[in-house]
2 protein chains.
Amino acid sequence: MKPIQVGLLGIGTVGSGVFNVLQRNQEEIRRRAGRGIEVTMVADLDVERARAVAGEHVQVVSDARAVIANPDIDIVVELIGGYGIAKALVLEAIAAGKHVVTANKALLAVHGTEIFAAAAAKGVMVAFEAAVAGGIPIIKALREGLTANRIQWIAGIINGTTNFILSEMRDKGLDFDVVLKEAQALGYAEADPTFDIEGVDAAHKATIMSAIAFGIPVQFDKAYVEGITQLAGADIKYAEQLGYRIKLLGIAKRRTGEGVDGVELRVHPTLIPAKRLIANVEGAMNAVVVQADAVGTTLYYGKGAGSEPTASAVIADLVDIARLASADPGHRVPYLAFQPHTLDQAQAALPVLPASEFVTSYYLRLRVADQAGVLTKVTGLLAGAGISIDAVLQREADEVGGEGAAQTDLIILTHETREGTMNDAIVQMQALPTVLAPITRIRKEELN
Amino acid sequence: MKPIQVGLLGIGTVGSGVFNVLQRNQEEIRRRAGRGIEVTMVADLDVERARAVAGEHVQVVSDARAVIANPDIDIVVELIGGYGIAKALVLEAIAAGKHVVTANKALLAVHGTEIFAAAAAKGVMVAFEAAVAGGIPIIKALREGLTANRIQWIAGIINGTTNFILSEMRDKGLDFDVVLKEAQALGYAEADPTFDIEGVDAAHKATIMSAIAFGIPVQFDKAYVEGITQLAGADIKYAEQLGYRIKLLGIAKRRTGEGVDGVELRVHPTLIPAKRLIANVEGAMNAVVVQADAVGTTLYYGKGAGSEPTASAVIADLVDIARLASADPGHRVPYLAFQPHTLDQAQAALPVLPASEFVTSYYLRLRVADQAGVLTKVTGLLAGAGISIDAVLQREADEVGGEGAAQTDLIILTHETREGTMNDAIVQMQALPTVLAPITRIRKEELN
């Protein structure tokens with residue numbers, strides 16, 4: 001069988017990895033795929049660098065459209081990133097009848113519906129294993145490995161930068177700003193780390209997983225996104241004393257019954273029990289926990305970024321396409337795991353819920369005056385709101401205010417409650433004269 | 001599209017799970033597969049029980065061959081187990097042109113070559129996700145998710161019974177025999193637990209994984225198999241003091257260079273660093289770590305047995321077949337990940353190595369006379385054999401022998417060495433008059 005010819009759009013970190021791994025393991029990949037898979041054309045604005053990576057036998061151009069226009073190219077791999085030119089090129093490649101592989105989570109989380117519709121109309125495949133959790137084959141696991149299951153929730157450490165920062169903050173007792181600089185120096189965080197530390201990158205990935213898990217369209221605009229920039233070292237320490245670790249999780253949870261049917265789609269720092277495996281995922285590593293009705297809990301762990309781990313996922317997609325491209329499109333694995341014509345109906349039945357409808361438990365830290373009756377007042381307000389308390393940690397007074405009044409931290413773990421209810425309770429607690437600073441609230445998930 | 005019709009051979013624990021999950025999640029599964037998947041016929045010797053599970057709308061027979069002969073059945077699911085009648089029925093189903101799904105690791109590890117050859121000749125699929133690690137989609141991950149990679153090694157906790165026993169021995173400080181009885185009472189161990197506790201079940205699974213990872217045929221007869229029946233509570237304790245846990249691992253490791261090209265295929269109790277995620281997989285849970293050149297380390301965790309977790313894997317195979325059955329057989333995913341015609345050549349290039357060629361590190365426990373010079377003699381013998389020492393733990397004398405001579409345990413961790421070399425050194429150490437009891441040797445893997 002003649003080799004599959006691949007055109008790369010962009011040959012930076014990931015593109016180089018794809019090129020190098022395809023070369024190094026070509027024999028092994030051919031033995032699996034049943035045919036060769038060869039990069040025969042590369043487009044990159046930096047033609048010199050591209051030529052240095054790809055060598056003499058590969059056609060290197062600066063114009064991505066020349067790759068798309070090349071009739072010999074079977075699959076176009078988009079590694080440019082972002083929503084801009086990448087979107088135009090992916091749609092043009094589809095229009096030209098090319099199968100597309102992309103690692104671009106931002107593009108799919110925001111414009112996936114349009115892209116998959118265009119691909120379905122042309123009968124081409126769009127594969128994106130590399131878009132979520134790098135080298136971990138989590139898309140394949142969700143889309144094919146767990147097809148028997150009604151998936152209940154997914155919770156993942158899906159951003160290596162923030163997990164590295166949180167691991168360092170805990171290990172070394174350092175503050176966010178200090179660790180961010182270290183992460184930038186080590187290459188774990190970009191010069192502009194906004195998308196990572198504000199949770200946007202994780203939300204892109206959680207959005208894609210929510211679609212595959214629940215059979216709904218991608219709806220990034222409805223995701224709740226909270227990053228780690230406001231996280232204090234003190235909360236990491238208190239959490240630890242209570243048996244928890246704080247991780248930035250991307251969560252997609254199916255909610256049915258109790259009058260609310262929908263999907264919680266949220267990214268935020270989360271307390272999780274220290275004894276859970278995922279709580280022990282350190283540094284830049286990624287892991288995703290999936291809870292499903294038949295299989296129970298499964299977990300997938302590995303490198304979420306980097307040149308060759310990401311390339312591993314891109315090439316797995318290339319092999320899948322090499323195998324399935326010749327099959328009747330009606331029999332291929334659907335882009336988002338469910339048949340496209342069923343997504344809209346599911347969206348109506350399972351809307352993405354507003355944050356006020358989240359149901360979760362909470363960690364609260366209140367800076368309070370160290371005087372009799374404070375705890376009673378605070379817990380009384382919570383009880384009045386119907387929020388039950390799981391644990392209380394009251395610190396010894398550690399600071400004397402200007403007028404001689406001792407202050408202390410009061411830490412409360414709650415049981416599950418509606419977020420709207422909690423928000424109202426926080427407003428009430430905040431209004432107490434004995435509560436001396438803005439209340440810190442971090443969500444908590446038991447993940448069991 | 002008309003529903004896929006499935007015939008079950010055997011409707012015990014797993015069969016009931018398959019039936020129930022297909023019923024419960026039929027809508028969701030249809031949305032994924034693009035067509036319905038229905039069990040329309042069941043064969044079980046216990047026709048009454050089968051009818052009670054399957055209900056009135058399913059044809060129940062006692063003769064499995066009636067299912068195979070039914071022209072309406074597209075896929076035969078073999079859930080009988082064992083090498084006997086199951087083998088005959090699988091081959092007959094293939095001969096009748098049926099696709100086959102099986103959870104039967106023993107059958108595939110021993111007779112896989114014959115079965116896959118028959119299936120290839122008939123152009124039918126044989127899928128077996130449920131045969132390894134129950135509900136964890138590890139076969140799919142290895143066969144499709146990691147196709148870009150040269151896999152270096154796999155190490156898995158792939159037998160829940162033994163992991164439960166080892167977890168309990170460590171947690172409660174109990175001996176093997178006591179915990180085995182508890183495991184039997186709880187249903188975690190069978191009345192005849194031989195296949196589990198002697199490592200045979202894990203070796204079946206490791207054999208299948210070795211084939212998929214390295215592109216060699218299944219060669220169960222060449223696997224090294226050592227169970228947990230000889231494991232003493234003392235070794236679990238000493239291991240813990242040294243920062244290790246003992247797990248029964250199924251290991252498949254590629255060895256190249258240094259004059260030895262081949263595959264280590266082995267199941268045995270193994271010390272692993274307590275800080276590794278897989279060391280913290282407790283109870284009856286399973287986990288598999290895969291080390292591969294592009295992606296690095298990945299880990300897959302979940303339930304390795306049970307009715308619905310196993311059914312989850314069986315149904316994932318059914319959906320795969322529903323999708324791919326119509327595709328040209330030349331484009332399907334190969335049974336063992338690599339194109340069948342390449343396996344024999346790979347077997348010649350990568351033979352399964354004899355135990356004497358294993359390279360690993362070791363935990364040694366020697367019962368020695370508590371007198372000057374013993375440690376020097378023992379370490380001298382190891383040094384003479386070229387075996388370097390990583391750590392020594394010498395206990396205080398804890399027992400007085402008949403003639404008033406104090407005894408103690410001497411624990412040694414070595415660096416990596418050839419197993420043949422270690423065996424010779426143990427013979428020499430055993431011959432020392434100051435070594436008072438048979439030396440305990442447990443292999444150690446750093447898994448990094």
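**Exercise 1. The surroundings of Phe116(A)**

Task: Determine whether Phe116(A) and Tyr335(A) are buried or exposed, and establish how the rings around Phe116(A) are arranged.

Solution. Step 1: Both Phe116(A) and Tyr335(A) are buried. This holds for a predicted model, as does everything that follows.

Step 2: Phe128(A) is likewise buried, as is Phe116(A). The rings of Phe116(A) and Phe128(A) form a tilted aromatic pair, with 5.7 Å from centre to centre and 45° between the planes. The two residues come from distant parts of the chain: Phe116(A) belongs to helix 6 (residues 105–122) of chain A, while Phe128(A) belongs to the loop between strand 6 (126–127) and helix 7 (138–145), 12 residues apart.

Step 3: For Phe116(A) and Tyr335(A), the ring centres are 5.3 Å apart and the planes stand at 20°, so this pair is stacked. Planes count as stacked when they are under 30 degrees apart. Here too distant parts of the chain are linked, since Tyr335(A) lies in the loop between helix 13 (307–324) and helix 14 (343–349) of chain A, 219 residues apart from Phe116(A) in helix 6.

Step 4: The ring pairs join Phe116(A), Phe128(A) and Tyr335(A) into a cluster. Over all chains, the whole structure holds 9 aromatic pairs.

**Exercise 2. An annotated lysine**

Task: State where Lys105(A) lies, and list which residues Lys105(A) is in contact with, leaving aside neighbours within four places in sequence.

Solution. Step 1: Lys105(A) is part of helix 6 of chain A.

Step 2: Its relative accessible area is 23%, so Lys105(A) is partly exposed.

Step 3: Apart from neighbours within four places in sequence, the contacts of Lys105(A) are Ala131(A), Asp201(A), His204(A), Lys205(A) and Ile208(A).

Step 4: According to the unreviewed UniProt entry, the annotation "binding site" covers Lys105(A).

**Exercise 3. The parallel sheet of 6 strands**

Task: Give the order of the strands in the open sheet of 6 strands in chain A, and identify the edge strands.

Solution. Step 1: In chain A the order is 3-2-1-4-5-6, with parallel pairing.

Step 2: Strand 3 (59–61) and strand 6 of chain A are the edge strands, each pairing on one side only.

Step 3: Within this sheet, strand 4 (residues 75–78) and strand 5 (residues 99–102) of chain A run parallel and are joined by 4 bridges. Val76(A) has Val100(A) in strand 5 as its bridge partner.

Step 4: Chain B also has an open sheet of 6 strands, in the order 3-2-1-4-5-6 and with parallel pairing. Its strand 3 (59–61) and strand 6 (126–127) each have a single partner strand, so one side of each has no neighbour in the sheet. Strand 1 (residues 4–9) and strand 2 (residues 37–43) of chain B run parallel, joined by 6 bridges. Ile4(B) is the bridge partner of Ile37(B) in strand 2.

**Exercise 4. Strand 18 of chain A**

Task: Explain why strand 18 of chain A is described as largely enclosed by the rest of the structure, then describe its pairing with strand 10 and strand 13.

Solution. Step 1: Strand 18 (residues 440–444) has 4 of its 5 residues buried, so the rest of the structure largely encloses it.

Step 2: Strand 10 (residues 262–273) runs parallel to strand 18 and is joined to it by 2 bridges. Opposite Leu271(A) stands Lys444(A) of strand 18.

Step 3: Strand 13 (residues 359–369) pairs with strand 18 in the antiparallel sense over 5 bridges. Opposite Leu364(A) stands Arg441(A) of strand 18.

**Exercise 5. Relating the two chains**

Task: Find what rotation superposes chain A on chain B, and name the ring over which the charged end of Arg266(A) sits.

Solution. Step 1: A rotation of 180°, with a shift of 0.0 Å along its axis, superposes chain A on chain B at an RMSD of 0.0 Å. This is the relation of a two-fold axis.

Step 2: Both copies use the same surface, as 100% of the contact residues of chain A recur in chain B.

Step 3: In chain A, the charged end of Arg266(A) sits over the ring of Phe358(A), 5.1 Å from its centre. In chain B, Arg266(B) lies over the face of Phe358(B), at 5.1 Å from the ring centre.

How values were computed: Residues are numbered from 1 along each chain as its sequence is written. Chains are lettered from A and ligands numbered from 1 in the order in which they are written. This is a predicted model: local features need pLDDT of at least 70, side-chain atom pairs count only at pLDDT 80 or more; totals for chains, interfaces and linings use all residues. Side-chain values use heavy atoms; hydrogens and water are left out. Rings of Phe, Tyr and Trp (its six-membered ring) pair if their centres lie within 6.5 Å; planes under 30 degrees apart count as stacked, over 60 as edge-to-face and the rest as tilted. Buried means under 20% relative accessible area, exposed over 50%, partly exposed in between (1.4 Å probe, protein chains only). A charge sits over a ring if NZ of Lys or CZ of Arg is within 6 Å of the ring centre and within 35 degrees of the ring normal. Copies are superposed by least squares on the C-alpha atoms of residues with pLDDT of at least 70 in both. Contact means heavy atoms within 4.5 Å. UniProt positions are given in the numbering used here, feature names are shortened, and annotations may be inferred rather than shown by experiment. Two strands pair if DSSP finds at least two bridges between them.
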